[in-house]
Amino acid sequence: WSKYACSLESAISDCSDYLASIECLKPVTALHDKNILVNEILNHHVIRRTLLPLESFRQGLKTLGVLEKIQMNPEAFCSILCHKPEKLSAKLLGDLFTIHYLSGTDKARCLDFWMGYLQETEGGESSVTLEDILVFATGIRSIPPIGFDPDPSVMFQHIKYPIGKRDLNCLQLPITKSYENFKKVLDIAIRRALLQTRIC
C-alpha cells in the first residue's frame with residue numbers, strides 16, 4: 001500500500017458524493033483498483049447516462065412510423081442523420097480563419113499571400129493539402145459540425161517559420177518579403193509537423 005494508493009484513497013474520499021451519485025463508489029484495496037474505478041466512471045458517462053436520451057429519441061422516431069422507414073431505407077436517411085464533412089476549399093478556409101495583423105504591417109500583402117497560398121494549395125500547386133493546413137492549425141482534418149472553440153485565427157508576426165498552435169486553433173505566419181519564401185516556409189513547416197505527428 002504505497003503513497004500512490006493513499007493518494008488514490010484520498011481522491012476517492014474527496015469525490016465520494018459524486019461517485020455515490022453515479023453508483024461507482026467502491027472500496028479501494030489496491031492501486032490497480034483505480035482502473036476498475038475509471039472503467040466504471042466511463043461506463044456511466046458513455047453508456048448508462050446516454051441510454052435514456054437515446055431511448056427517448058428512438059421512441060420519438062417511432063411516431064408516425066419514422067423509425068421503421070429509417071430501418072428499411074438507411075441509405076436514404078444517411079444524409080439527414082449523419083454528418084458528412086464539408087469539402088474544404090480555399091474560400092472556405094479563407095472565411096474560417098480570422099486574420100490578425102501586427103500594427104505597421106502591409107495588411108493587403110499579408111492577405112494576398114495567405115489567400116494565394118490557399119488557392120495554390122487547392123489547385124494542387126503545393127506539397128501540402130488544405131486538410132494538412134487545417135490539421136497544422138487545429139489538429140483535425142475537417143470542420144466539426146459544432147464549429148471550433150476558439151474560432152480559428154491567423155496571426156502575421158515577425159517570426160522565421162510558421163507555428164501551428166492547435167490548442168488555440170491559431171496559425172502564426174511569418175511576414176515575408178516575397179510570396180515564394182512565404183509558400184516555401186509554410187510547405188516545409190506543415191510537412192515537418194505532419195511527419196512528426198505520424199512518427200509519434
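## Burial and overall shape

Of the 200 residues in this chain, 32% count as buried. Keep in mind that we're looking at a predicted model. The radius of gyration comes out at 25 Å, whereas a compact globule of 200 residues would sit near 16 Å. Along its principal axes, the C-alpha trace covers about 65 × 60 × 35 Å.

As for the fold itself, the chain has nine helices and four strands. Walk along the sequence and the order reads α-α-α-α-α-α-β-α-α-β-β-β-α. Among contacts with a separation of 6 or more, 52% come from residues 24 or more positions apart.

## The aromatic cluster

Aromatic rings are a good place to start on the details. There are seven aromatic pairs in the model. One of them is Y101 with F156: the ring centres are 6.0 Å apart and the planes sit at 5°, and since planes under 30 degrees apart count as stacked, this pair is stacked. Y101 belongs to strand β1 (residues 98–101) and F156 to strand β2 (residues 153–157), so the pair ties together parts that are 55 residues apart in sequence. How buried or exposed are the two partners? Y101 is partly exposed at 27% relative accessibility, while F156 is buried at 2%.

F113 and F182 make another pair, with ring centres 5.6 Å apart and planes at 45°, so this one is tilted. Here it's two helices that get linked: F113 is in α7 (residues 107–122) and F182 is in α9 (residues 179–199), so the pair ties together parts that are 69 residues apart in sequence. F113 is buried at 11% relative accessibility, and F182 is buried as well, with a value of 0%. Put the ring pairs together and you get a cluster made of Y101, F113, Y117, F156, Y179 and F182.

## Helix α7

Two members of that cluster, F113 and Y117, are on the list of buried residues in α7, which also has C110, W114, G116, L118 and T121. Does the length of α7 agree or disagree with what you'd expect for a helix? At 1.5 Å a residue, its 16 residues should span 22 Å, and the end C-alpha atoms are 23 Å apart, which agrees.

Both ends of α7 are worth a look. At the N-terminal end, D106 acts as a cap, with a side-chain oxygen 3.3 Å from the backbone nitrogen of A108. Just after the helix, G124 takes a positive phi of about 80°.

## T138 in helix α8

T138 is part of helix α8, which covers residues 130–138. With a relative accessibility of 9%, T138 counts as buried. What does its side chain reach? One polar contact goes to the backbone oxygen of L134 at 2.7 Å, and another goes to the backbone nitrogen of I140 at 3.3 Å.

There's more around T138 than its sequence neighbours. Setting aside residues within four places in sequence, T138 is in contact with F148, R166 and N169.

## The V28 loop

Over in the loop between α2 (16–21) and α3 (33–62) you'll find V28. V28 is buried, with a relative accessible area of 16%. Its C-alpha lies 8.5 Å from that of I12, with the two positions 16 residues apart in sequence terms.

## Cysteines and disulfides

How many disulfides are there? A search of the whole structure turns up zero. Take C15: its closest cysteine sulfur is the one in C24, 12 Å away, and that's too far for a bond, given that a disulfide needs the sulfurs within 2.5 Å. Looking from the other side, the closest cysteine sulfur to C24 is the one in C15, again 12 Å away and too far for a bond.

The surroundings of these two cysteines can be set side by side too. C15 is partly exposed, with a relative accessible area of 37%, whereas C24 is buried at 0%.

Methods
Residues are numbered from 1 along each chain as its sequence is written. This is a predicted model: local features need pLDDT of at least 70, side-chain atom pairs count only at pLDDT 80 or more; totals for chains, interfaces and linings use all residues. Side-chain values use heavy atoms; hydrogens and water are left out. Rings of Phe, Tyr and Trp (its six-membered ring) pair if their centres lie within 6.5 Å; planes under 30 degrees apart count as stacked, over 60 as edge-to-face and the rest as tilted. Buried means under 20% relative accessible area, exposed over 50%, partly exposed in between (1.4 Å probe, protein chains only). The expected span of a helix is 1.5 Å times one less than its number of residues. A polar contact is a pair of N or O atoms within 3.5 Å; within protein, one must be able to donate a hydrogen and the other to accept it, and residues adjacent in sequence count only if both atoms are side-chain atoms. Contact means heavy atoms within 4.5 Å. The radius of gyration is taken over C-alpha atoms; the globule rule is 2.2 Å times the number of residues to the power 0.38.
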